[in-house]
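Got a few minutes for a quick look at this one? Have the sequence and the 3D view open side by side while you read.

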Amino acid sequence: MSQSSISMKGGGYYSKNTQGAKHVIDRAGENLIPKLSGIQLPGDQRPFAIIDYGAADGGTSLGLVTSIVQAIRQQSTDQEISVTYTDLPHNDFSSLFRMIHAQSPEETTYAREFSNVFVLSAGTSFYNQIVASGSVDIGFSATAMHWLSGLPGTITDHVHAVGAHGREWQVFRDYAKNDWETILVHRARELAPGGVLVMANFCIDEKGRYLGNTGDANMFDTFNLLWRELADSGLISEIEYQSTAFPQFYRTKEQYCEPFDDPESRVRAMGLCLEKAYTGVTKCPYRAEFDRVGDPIAFADAYVPTLRSWSETVFFGGLDHSRPMEERRKIVDIFYQNYNNLVRNEPELHAMDYVHTYMVVTKET
Ligand SMILES: C[S@@+](CC[C@H](N)C(=O)[O-])C[C@H]1O[C@@H](n2cnc3c(N)ncnc32)[C@H](O)[C@@H]1O
């Protein structure tokens, strides 16, 4: 499975259906905004550079970027600022630019409101160096770096590494460890001296909780159960079942901190220092709305699309490529309809709470 299987739905669908992700970014920003008062600005030597790694359509970070730009403007009315949105090459950058450069006269965004702010994008993976060395003042990334650089192996009896065991799990774990160091080494090159990197990454927390597994139904077990059912009913083949896996790994906070704890690590040698790391749970806004209103159909119809926005390409990609496109679409539709039925029937079992490790990293001056 290649990185083209990693994709958020385009057309602005992503940020409209992932309100929880916005809450996470706003929380991560609480670490950043206070740091900006009194920050050393580059003046006319170069723009103050902000970069969002794995931005999708840019909608969920709009509030945070606006706050950063406002904070810089409080210190300097004319400091040039660049905002670079990065994602994989096939990301829907067109939606991103339409979002950032608000299209209707009634809407406004920081890009319209403030002058001397330059909006750029890069379709380069965060597994590569994306911008010039020493050029980034603020980097941030939310809910993106659990996507691995590739699919490390197969998981024969589950669809996610959280359900893998033994050797199959170890292969994912080793791959994820190497990927994490690669990400940090590139960020170490890109950050300017004194630059800050704020990240909110999916994790397994101290209580063993992770995305969609904080109480009742386990979301990835549900994905697996429903995918398994399609195999058992003959709608998909055993090979298709076994070759479907998320190219993801949820590290623990300790695993995120490993390269910083090791005084001999490349990451430390390149001047990256960990200022803080902590975990946090963000409640599922769809479930909260259900708890308030109590309508199971409305809950299922809102909740399942948010799952679908980031998982669909994985299930679609697991199907045999010789199947006609239309047939593959139908199978995936059935799969999500089955999920929808489960949620309608037992809504109180479902929720996709987010579990993140928040990290603040600085580059030595
Ligand atoms: C769940 S979305 C998060 C979007 C946004 N940061 C947020 O928090 O709402 C994950 C994003 O990471 C991107 N992504 C995954 N792997 C990537 C990589 N190697 N390089 C850059 N972006 C990547 C995906 O394409 C997707 O847009």
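Here is a short briefing on a strand and its partners, the ligand shell and an arginine. Keep in mind that this is a predicted model. Strand β8, residues 354-363, has eight of its ten residues buried, so the rest of the structure largely encloses it.

**Strand β8 and its partners**

- β8 pairs with strand β7 (residues 272-282) in the antiparallel sense, and ten bridges hold that pairing.
- To find your place along the β7 pairing, look for L274, whose bridge partner in β8 is V361.
- β8 also runs antiparallel to strand β5 (residues 191-204), with seven bridges joining the two.
- For the β5 pairing, a handy spot is A200, which stands opposite Y358 in β8.

**Around the ligand**

- The ligand has 22 residues around it, and the closest are A21, G54, T60, A142 and A144.
- Sorted by type, this shell has 13 nonpolar residues, eight polar ones and one charged.

**R98 in helix α4**

- R98 belongs to helix α4, which covers residues 93-100.
- Buried, exposed or partly exposed: which is R98? With 15 other C-beta atoms within 10 Å, R98 falls between the limits of 12 or fewer for exposed and 20 or more for buried, so R98 counts as partly exposed.
- R98 and R323 are 225 residues apart in sequence, and their C-alpha atoms are 35 Å apart in space.

Conventions. Residues numbered from 1 in each chain as written. Predicted model: local features only at pLDDT ≥ 70, side-chain atom pairs only at ≥ 80, totals over all residues. Helix = DSSP H or I, 4+ residues; strand = E, 2+ residues; numbered from the N terminus. Pairing = 2+ DSSP bridges. Near = placed C-beta within 6 Å. Nonpolar A, V, L, I, M, F, W, Y, C, P; charged D, E, K, R; others polar.
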